[in-house]
Amino acid sequence: MSDVSRTADAIDDVRGRIRRAVETVRDTTPMAQSFTNFVTINLVANAQLAAGGTAAMSFLPDDVIDTAAMSGADYVNVGTLLPFYKDALPKIARAFRKSGHKWVLDPVAAGIGATRTEILRAFRAAPPTVVRGNASEIIALASMWGLFSPDAATRPAGVESVDEVDSSVGPAKLLARFLAASAPQGEAAVAVSGAVDLVTDGHAVYRLPGGSAMMSKITGAGCSLGGVTATYLAVADPLTAALAATALYNRAGEAAEAVSHGPGSFQVAFLDALWNTTADEVAASEILID
Amino acid sequence: MSDVSRTADAIDDVRGRIRRAVETVRDTTPMAQSFTNFVTINLVANAQLAAGGTAAMSFLPDDVIDTAAMSGADYVNVGTLLPFYKDALPKIARAFRKSGHKWVLDPVAAGIGATRTEILRAFRAAPPTVVRGNASEIIALASMWGLFSPDAATRPAGVESVDEVDSSVGPAKLLARFLAASAPQGEAAVAVSGAVDLVTDGHAVYRLPGGSAMMSKITGAGCSLGGVTATYLAVADPLTAALAATALYNRAGEAAEAVSHGPGSFQVAFLDALWNTTADEVAASEILID
Amino acid sequence: MSDVSRTADAIDDVRGRIRRAVETVRDTTPMAQSFTNFVTINLVANAQLAAGGTAAMSFLPDDVIDTAAMSGADYVNVGTLLPFYKDALPKIARAFRKSGHKWVLDPVAAGIGATRTEILRAFRAAPPTVVRGNASEIIALASMWGLFSPDAATRPAGVESVDEVDSSVGPAKLLARFLAASAPQGEAAVAVSGAVDLVTDGHAVYRLPGGSAMMSKITGAGCSLGGVTATYLAVADPLTAALAATALYNRAGEAAEAVSHGPGSFQVAFLDALWNTTADEVAASEILID
């Protein structure tokens, strides 16, 4: 069997799993709970609903842990921190680890602020199932956890990365392997958002082109992608969840750009497109394997 | 006078009071203050403005109590709790009771989380004027306050309720009577949201059909209905406020569904419809009395 | 040179500076950080993005101070206070003063609540570069800081002000002069929102007519105007920033009113118009100098 046909088979398998994840969410309306920032909390919930799931948002450990028992997966975003999060978030992560509960971490602004750094460091001992962020955040988190030293990069020093996402391939793979080794199910994924999105389970690296430049002109495209990844994680393995959410977002972004006249109408059309994009359209997305 | 004509007279009277509440809000732009969750706080404010009122949101007891002196009624929603709410919310409820200030409670997620349970239990000693929730929340609150024992339900054990709302009729009436007995004005109401909404003052039970299934595909339809109920409560008695808000929501939901293409455009059209639905249209809503 | 032509020259100069501010923001996407209320935090961020900037929102002092080092200006809004703000906000203001960081204060609800009063009083020792509010808030802040005594008003007692904004001319000028005296750059501005908006640097008083009555039917028109003022302040002097933001808002409000059918579609069209209004259109706004 040639490498080309093996890759074709692998992509067909991936497409099948993406289609089933999108359909299963719409058929079963799974609940994914979020502990997320105040800026985009409304969009996270509305995007999860538009993708077919249900949403619950909580901040108190007793509330989060009670609700997690009813939710298929959780989403944690470290934007807009409050003082009590320093104790609450590590406590919540430990509870998730103890119960084997799956969760998605969005390490927003990793590297900025002593409190955020303390919280993100604490998650190393009770890690998430999926991490979603931009290239800088993924590199910062992998570095913070000692998985990657910026000095010991696989790329030769002095060579500029083609783009930000490319510069995170190594750290993203190392991060995904670390998460998988800690995961009760032995599976994990890392998703890096950028001009061409990247998803890896620590071994294969998938690239998903497309989307819309307008997604950076509304607040919360990244956060709500993390939330929808948790919605899919409630019904699918981590790699499939990250791929399905990323592909849905790219298709919905393109559909919204085609009918909108600025960032206001783009957000409205984007939520409509999350609702209307079919599982077949998501599964037919261009997917490149490195 | 026959039962049928007596019922017809009662409904005519109710319609007149609903029409006046809708008109009075639009003529006088009353202020209703909210202590509500972070997910839907923006929609609560925008819905109150779209219905014709004005909005103010606060969390610190000194701020809430100062602002309540200028507001016609308050709305309290126990979603997304923070640690200081455990002391702040009972303190605020006691201040409202002392000054005879009217307020609407939305017991979101009643029964989940030790802190929420502690807060909701504390409200028994300083109860709201109106409670609005889904059937499970109304049953949980009535049970938590010892007004209703799930074992002593009026329906025979083993008989499934026709729908969730039906299962809450008994608890909702008991709750409304308890609230009325504590209310300075001796009047109270409970509103249960569902496929067919239910409103009771503890004696008569009103059912309001209609609305749109899309209302469960945006976050905050229930919360913002609670907020708009507080807006009407600023100018009307509790029963009228609950009926007017529920009827307005059903008409606006239908209007929005007719012109929208998904949850994004539905929310936009829904806010437009709250603004454009006439007092006559709200008052002409189908209302069934048990 | 006649007074008329001198005024014409002054206005031409102002128009040139407004045009450059609008263009520079679109060309350089400056970051402005916000510490703002939970009701309209999403709209503040989306308005800053639609005007061409980027947004970051933070509440913990260590996070705010770290992020301020990367942001061109900050926006602080004292709505929806939490307990820890009482210490955090004065600490943040002192850090801004120490580093000479420019910021916009929105004294929402000035005069209501003991905690808010304590925070606003503390800002006197570490004042902002721009204050934006409605007439009552400007008068309350100037009075709180001892710059203006309501009893010693320049207008004779018993004479009702023509409109709210007019009643704030004196306090607004005194406030702007106080801010300028404290500013590292020696420049400051005060913007008063109303039917006809007023902007002053403590000497000249500019009046900007226009906008839409629908802006008071969505929540956050004022807050997001404050946020966009911070976006312009990142690239321009305080007076130009306040004029550019106010003029953009008036033009966008008019454009949105022309194509919308209620507050839901108004907000969507307003964000689109912030994105689509040209620098020339903003600069061509009617501007009256007292």
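Buried area, as I use the term here, is the accessible area (1.4 Å probe) that two parts lose on being put together, summed over both. I keep that in mind for the interfaces below, and I note at the outset that this is a predicted model.

**Entry 1: chain B against chain C**

I began with the area buried between chain B and chain C, which comes to about 2,000 Å². Carbon and sulfur atoms give 65% of that area. I then looked up who takes part: chain B brings 23 residues to the contact and chain C brings 24.

Which side chains form the salt bridge here? I found B:D63 and C:R116 meeting at 2.8 Å, N to O. The rule finds one salt bridge across this interface. I also noted ten residue pairs in polar contact between chain B and chain C, both partners at pLDDT 80 or more.

Next I asked which helices of chain B supply the side that touches chain C. My notes list α2 (41–50), α3 (61–68) and α11 (263–276) of chain B, each supplying at least two residues. Of the elements on this side, α2(B) gives the most, with six residues. Sorting the residues of this side by kind, I wrote down 14 nonpolar, five polar and four charged.

**Entry 2: chain A against chain B**

I moved on to chain A and chain B, where the contact takes 23 residues from chain A and 24 residues from chain B. The buried area is about 2,000 Å², with 65% of it from carbon and sulfur atoms. I checked who contributes on the chain A side: A:L60, A:D272 and A:W275 supply 24% of the area that chain A buries against chain B, more than any other three residues.

For the charged pair, I looked up B:R116 and A:D63, whose side chains meet in a salt bridge of 2.8 Å, N to O. The rule finds one salt bridge across this interface, and ten residue pairs in polar contact, both at pLDDT 80 or more. On chain A, α2 (41–50), α3 (61–68) and α11 (263–276) each supply at least two residues of the side that touches chain B. The largest share, six residues, comes from α2(A). I counted this side by kind too: 14 nonpolar, five polar and four charged.

**Entry 3: the annotated site in chain A**

I turned to the UniProt record, an unreviewed entry, which places the feature "binding site" at A:R132 and A:S193. They span 62 residues in sequence, yet no two of their C-alpha atoms are more than 7.5 Å apart, so they gather at one spot.

Is A:R132 buried or exposed? I have A:R132 as buried, because its relative accessibility is 6% and the cut-off for buried is under 20%. A:R132 sits in strand β5 (residues 130–134). Its contacts farther along the chain include A:L105, A:I138, A:G222 and A:C223. I also found a polar contact of 3.0 Å between the side chains of A:R132 and A:D106.

A:S193 lies in strand β6 (residues 189–193) and is partly exposed, at 23% relative accessible area. Among the residues A:S193 touches are A:G133, A:V165 and A:L225. How do the two annotated residues, A:S193 and A:R132, meet? I found their side chains in polar contact at 2.6 Å.

**Entry 4: a glycine in chain C**

Last, I looked up C:G194, in the loop between β6 (189–193) and β7 (197–200) of chain C. C:G194 counts as partly exposed, at 34% relative accessibility. I took down one distance as well: the C-alpha atoms of C:G194 and C:G210, 16 residues apart along the chain, are separated by 9.9 Å.

How values were computed:
Residues are numbered from 1 along each chain as its sequence is written. Chains are lettered from A and ligands numbered from 1 in the order in which they are written. This is a predicted model: local features need pLDDT of at least 70, side-chain atom pairs count only at pLDDT 80 or more; totals for chains, interfaces and linings use all residues. Side-chain values use heavy atoms; hydrogens and water are left out. UniProt positions are given in the numbering used here, feature names are shortened, and annotations may be inferred rather than shown by experiment. Helices (H or I, at least four residues) and strands (E, at least two) are DSSP runs, numbered from the N terminus. Buried means under 20% relative accessible area, exposed over 50%, partly exposed in between (1.4 Å probe, protein chains only). Contact means heavy atoms within 4.5 Å. A polar contact is a pair of N or O atoms within 3.5 Å; within protein, one must be able to donate a hydrogen and the other to accept it, and residues adjacent in sequence count only if both atoms are side-chain atoms. A salt bridge is a side-chain nitrogen of Lys or Arg within 4 Å of a carboxyl oxygen of Asp or Glu. Ala, Val, Leu, Ile, Met, Phe, Trp, Tyr, Cys and Pro count as nonpolar, Asp, Glu, Lys and Arg as charged, and the others, Gly among them, as polar. Lists of a residue's contacts leave out its neighbours within four places in sequence.
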